[in-house]
Amino acid sequence: MKAPRISWLTFLRVYLRSFLLQASWNFENLQNLGFFYLVLPGLRSIYGDELSRDVQRRQVTYFNTHPYFAPLIAGTILRMEERLHAGEDVAVDPDAYKKMVMAPFAAMGDALFWGGVRPLAALIGLLLASQGSLWAPVVFLVLFNLPHLFFRGAGLILGYVQELRAIETIQKCRLPDLAIRLKESTTILIGVLCAYLSFKGCEHQDISGAWGFVLLPIVLLFAWLSHKGVTSLFLVLLTTSSLLLLALLF
Amino acid sequence: MVIADYLLAGLVAMLTGLDRVALVQVMISRPLVAAPLTGLVLGNPLLGLEVGMLLELLWLGRLPVGAAIPPDDTQVAVGATVLAFSMGQMLDLVGMPMVILAVLVAIPLGKFGQIFDRLARNVNDRLAVAGLKALSDGNTNGLERRHLMGLISFAVSSLATACVIVLIGSVVLFYTAPQLIGAVRDTGLSLQYSLIIVGAASLLGTINVNRSISLFCAAFSGTLLVLWMR
């Protein structure tokens, strides 16, 4: 195997460019320009400034994945391009590889980061905010971004070093299971938050905390309505108008 | 509130708006961060924290997946903070009731964010075509430039949303706040907490976990019992 041509500085540039993946997000090809922009410093290291039509064609096709998984795919693609440039065989064409992994990685990233890490970090931040602490936004940002930034960087290196075996490594990490655990923790924190607010409401009204249990079926009803597709906006309008009407009447 | 405050708030609207999709995505676009940040530049971060708390959970379950565009809770948070601050000063109405009114007025206006976001992405369609044309001419720098120009579409879309929320919201609050503030005050904590609880319920309804209801009920009952018995 030939020595890698891509320097650490180039990797850093690819890593930083991953933060701009979706700058030109469009309905036609979603992240296609973004992915080309992401891998361009690496492609220039391999091929120089003149990129062949084949290389261009491979890297500007339709592309859409979770933005935090894009560096992982970029790492593998750059290693494949290095091999192709060195005249070595690659098991899968880079474009075919992108098409093969982008949807599963998108689903994994959505479940893990949007559905798991983000709500959990937000609820921890919200519990702090309910105490009036201005540290709440800081704690939220730190809790969310530690795994986020690590995942982007580690993904890029993993993709480059392990190539196709990176898929196996990701499978071994059992990220969907981790997402479910995070969602379960989020559910518990929703319960804690609702109970705390309910108790504070009872305290404010100077009534027994046991009345707080009245809120339980209401939250469950709203959750069911939300599950059935009723929008948050409708629920807000319903609740607000009911409470304001009661306040105006009595 | 002076012009410089509006300009600073506009800058926050653009920065946090870019974070939603186009740039970095470190979640400064979440209401829990965007609202206190707006409050900070206006000189009242606690006001922003109150706004952020009320809004954070409302649309958290709506995932920005593929071509789906959720309501713009970032600009609702920024706009509501500006409204609570500016209209509170103008009408001499301060405190949580004014924050609640500002949030209630801003929430439906978040729909404009979806419209402007869609427009920005349509503009980017044309940029993408121009970028591919530049590439086919062998001009990779031209493609890079077109790609980065997409940031302008998203920034303008965010700023436009925030402006619409603040402009329409100011007019609505000017006429309705003096009449409604008493009723909002009479609801005590109910209205304030109901917004957070609606958000929590919406999130609970969108979490796809088998045992979500039993986990929620156990956590709710356990916490309430502990607090009650204390």
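Start by selecting helix H8 of chain B, residues 189-206: at 1.5 Å a residue, the 18 residues of H8(B) should span 26 Å, and because the end C-alpha atoms of the helix lie 26 Å apart, expectation and model agree. Keep in mind throughout that this is a predicted model. Colour H8(B) by burial and the helix appears mostly covered, with 15 of its 18 residues buried.

Next, zoom out to the whole of chain B, whose secondary structure amounts to 9 helices and 0 strands, so that the order of elements from the N terminus reads α-α-α-α-α-α-α-α-α. The C-alpha trace of chain B covers about 75 × 50 × 25 Å along its principal axes, and of the 230 residues in the chain 55% are buried. If you draw a contact map of chain B, residues 24 or more positions apart account for 73% of the contacts with a separation of 6 or more.

Now show both chains and select the residues where they meet, which are 80 from chain B and 80 from chain A. On the chain B side, at least two residues each come from helix H2 (31-42), helix H3 (45-55), helix H5 (96-109), helix H6 (111-136), helix H7 (140-186), helix H8 (189-206) and helix H9 (212-229). Which helix gives the most to the side of chain B that touches chain A? It is H8(B), the helix selected at the start, with 17 residues. Coloured by class, this side of chain B shows 54 nonpolar, 18 polar and 8 charged residues.

Stay in chain B and select helix H4 (residues 73-91) together with H7(B): the two pack at an angle of about 40 degrees, with their axes 9 Å apart, and H4(B) passes H7(B) in a right-handed crossing. To see the contact, display side chains on H4(B), including B:Val78, B:Val82 and B:Leu91, and on H7(B), including B:Ile165, B:Leu173 and B:Phe174. The residues of this contact divide into 13 nonpolar, 7 polar and no charged.

Keep H4(B) on screen and replace H7(B) with H5(B), whose axis comes within 8 Å of that of H4(B) and crosses it at roughly 140 degrees; the two helices are therefore oblique to each other. This crossing, too, is right-handed. From H4(B) the contact draws on residues including B:Val76, B:Gly79, B:Leu83 and B:Met87, and from H5(B) on residues including B:Met98, B:Ala102, B:Val105 and B:Leu109. B:Val76, B:Gly79, B:Leu83 and B:Met87 also belong to the contact of H4(B) with H7(B). By class, the contact of H4(B) with H5(B) has 13 nonpolar residues, 2 polar and no charged. When you look along a helix here, it helps to recall that an α-helix has 3.6 residues a turn, so residues three or four places apart point the same way.

Finish in chain A by selecting helix H4 (residues 70-85) and helix H5 (residues 94-129), which pack at an angle of about 170 degrees with their axes 11 Å apart. Angles over 145 degrees count as roughly antiparallel, and H4(A) and H5(A) are therefore described in that way. H4(A) passes H5(A) in a right-handed crossing. The residues to display are A:Ile73, A:Thr76, A:Ile77, A:Met80 and A:Glu81 on H4(A), facing A:Pro94, A:Tyr97, A:Lys98, A:Val101, A:Met102 and A:Phe105 on H5(A). This contact divides into 8 nonpolar, 1 polar and 2 charged residues.

Key: Residues are numbered from 1 along each chain as its sequence is written. Chains are lettered from A and ligands numbered from 1 in the order in which they are written. This is a predicted model: local features need pLDDT of at least 70, side-chain atom pairs count only at pLDDT 80 or more; totals for chains, interfaces and linings use all residues. Helices (H or I, at least four residues) and strands (E, at least two) are DSSP runs, numbered from the N terminus. A residue is buried if 20 or more other C-beta atoms lie within 10 Å of its own, exposed if 12 or fewer, and partly exposed in between; C-beta atoms are placed from the backbone. Two residues are in contact if their C-beta atoms, placed from the backbone, lie within 7 Å. Ala, Val, Leu, Ile, Met, Phe, Trp, Tyr, Cys and Pro count as nonpolar, Asp, Glu, Lys and Arg as charged, and the others, Gly among them, as polar. The expected span of a helix is 1.5 Å times one less than its number of residues. Axes are lines fitted to C-alpha atoms, for helices over the stretch in contact, and angles run from 0 to 180 degrees between N-to-C directions. A crossing is left-handed if the near helix is turned anticlockwise from the far one by less than a right angle, and right-handed if clockwise. Angles under 35 degrees count as roughly parallel, over 145 as roughly antiparallel, 65 to 115 as roughly perpendicular and the rest as oblique.
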